[in-house]
Amino acid sequence: MDLGLRNRVTLVTASSRGIGLGIARVFAQEGARIIISARRDDELAKAREIITKESGAEVLAVKADLTVRDDIDKLVKEAMSTFGNIDVLVFNAGPPKPGTFSQLSEDDWEYATRLLLLSAVWLTRRVINNMVSRGGWGRLIYVTSLTLRQPVPNLVLSNTVRLSLAGLVKSLAVEYGPHGITANGIMQGYIMTERITQLAQEEARARSVSVDEVIKAWSKEIPAGRYGKPEEIGYLVAFLASDKAAYINGSMILIDGGYVKCVF
């Protein structure tokens, strides 16, 4: 299926590896022009090389820490300077610090709020007016977590702060839908990223078993019987960015292999 994303300028944050990189790779394969960002230059360079070798896509790599407003200013300015506009914003962020309520400090809460909410607000404010002024076409897509539907023990920051993105998505959908701009969120489940592989390797060494045995055991609670792949998140994001999904607006979509038990 041709999603019509060729030459669409797409900004994917936290995209040097894991889910963000998987999303960027899918957009590049669809012919989009890509802006990737991350905090480390070496990881950005590696990600850019991966994407360009696979697809030949035009890729701009910008070092940026999402919790620093000046970095977000720089990220958007460089993207606009290079491509002239941003058609698709894909907000993705790394996980906040794990812990229970009693274990976390006020500084932890403030950092998580900058990472998971304020950075999304800052980015959206810097791209939305350009989308409106260019005749009203744009896609705002926010990658969140299954914790919006089913809280996870020891992840109180994610359980709490990520919920605010659902309110942001619905509010943006109502306000900017008349301009041809859609806003949607993705609640991703357990995805096989470098971090998951590292944790599985550590547990395998500790238990003197194979990595495959560890991952198989972890996957037992997922009806699909496996962890998802980063590019599977990318396929959903790319569809939401296409004109074929123009009537999907203000939705929070679960992609978790059936893990979450709630009906709605």
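This passage walks through the aromatic contacts, the central strands and one helix pair of a predicted model.

A good place to begin is with the aromatic side chains. Searching the whole structure turns up 4 aromatic pairs. In one of them, the ring centres of Y190 and Y259 lie 5.1 Å apart and the ring planes stand at 90°, which is over the 60 degrees needed, so this pair is edge-to-face. The two tyrosines come from distant parts of the chain, 69 residues apart. Y190 belongs to the loop that runs between strand 6 (181-188) and helix 7 (194-207), while Y259 sits in the segment after strand 7 (252-255). Their surroundings can be described as well: Y190 has a relative accessible area of 29% and is therefore partly exposed, whereas Y259, at 13% relative accessibility, counts as buried because the value falls under 20%. Y227 joins these two residues, and Y190, Y227 and Y259 together form one aromatic cluster.

Charged side chains also meet aromatic rings in this model. K261 lies over the face of Y259, at 4.7 Å from the ring centre, so to speak adding a charged neighbour to a residue already met in the edge-to-face pair. Elsewhere, R8 is placed over the face of W137, with 3.6 Å to the ring centre.

Strand 6, which precedes the loop holding Y190, deserves a closer look. Of its 8 residues, 8 are buried. In a regular strand, side chains alternate between the two faces of the sheet. Here, both faces of the strand are covered. I181, A183, G185 and M187 are buried on one side, and T182, N184, I186 and Q188 are buried on the other.

The neighbours of strand 6 can be named too. Strand 5 (residues 138-143) pairs with strand 6 in the parallel sense, over 6 bridges. Within this pairing, L140 has A183 of strand 6 as its bridge partner. Strand 7 also pairs with strand 6 in the parallel sense, here over 4 bridges. Q188 stands opposite I255 of strand 7, and Q188 is one of the buried residues listed above.

Finally, the helices offer a packing example. Helix 3 (residues 69-83) and helix 4 (residues 106-133) have axes that come within 10 Å and cross at roughly 30°. That angle is under 35 degrees, so helix 3 and helix 4 are roughly parallel to each other. The crossing of these two helices is right-handed.

How values were computed:
Residues are numbered from 1 along each chain as its sequence is written. This is a predicted model: local features need pLDDT of at least 70, side-chain atom pairs count only at pLDDT 80 or more; totals for chains, interfaces and linings use all residues. Side-chain values use heavy atoms; hydrogens and water are left out. Rings of Phe, Tyr and Trp (its six-membered ring) pair if their centres lie within 6.5 Å; planes under 30 degrees apart count as stacked, over 60 as edge-to-face and the rest as tilted. Buried means under 20% relative accessible area, exposed over 50%, partly exposed in between (1.4 Å probe, protein chains only). A charge sits over a ring if NZ of Lys or CZ of Arg is within 6 Å of the ring centre and within 35 degrees of the ring normal. Two strands pair if DSSP finds at least two bridges between them. Axes are lines fitted to C-alpha atoms, for helices over the stretch in contact, and angles run from 0 to 180 degrees between N-to-C directions. Angles under 35 degrees count as roughly parallel, over 145 as roughly antiparallel, 65 to 115 as roughly perpendicular and the rest as oblique. A crossing is left-handed if the near helix is turned anticlockwise from the far one by less than a right angle, and right-handed if clockwise.
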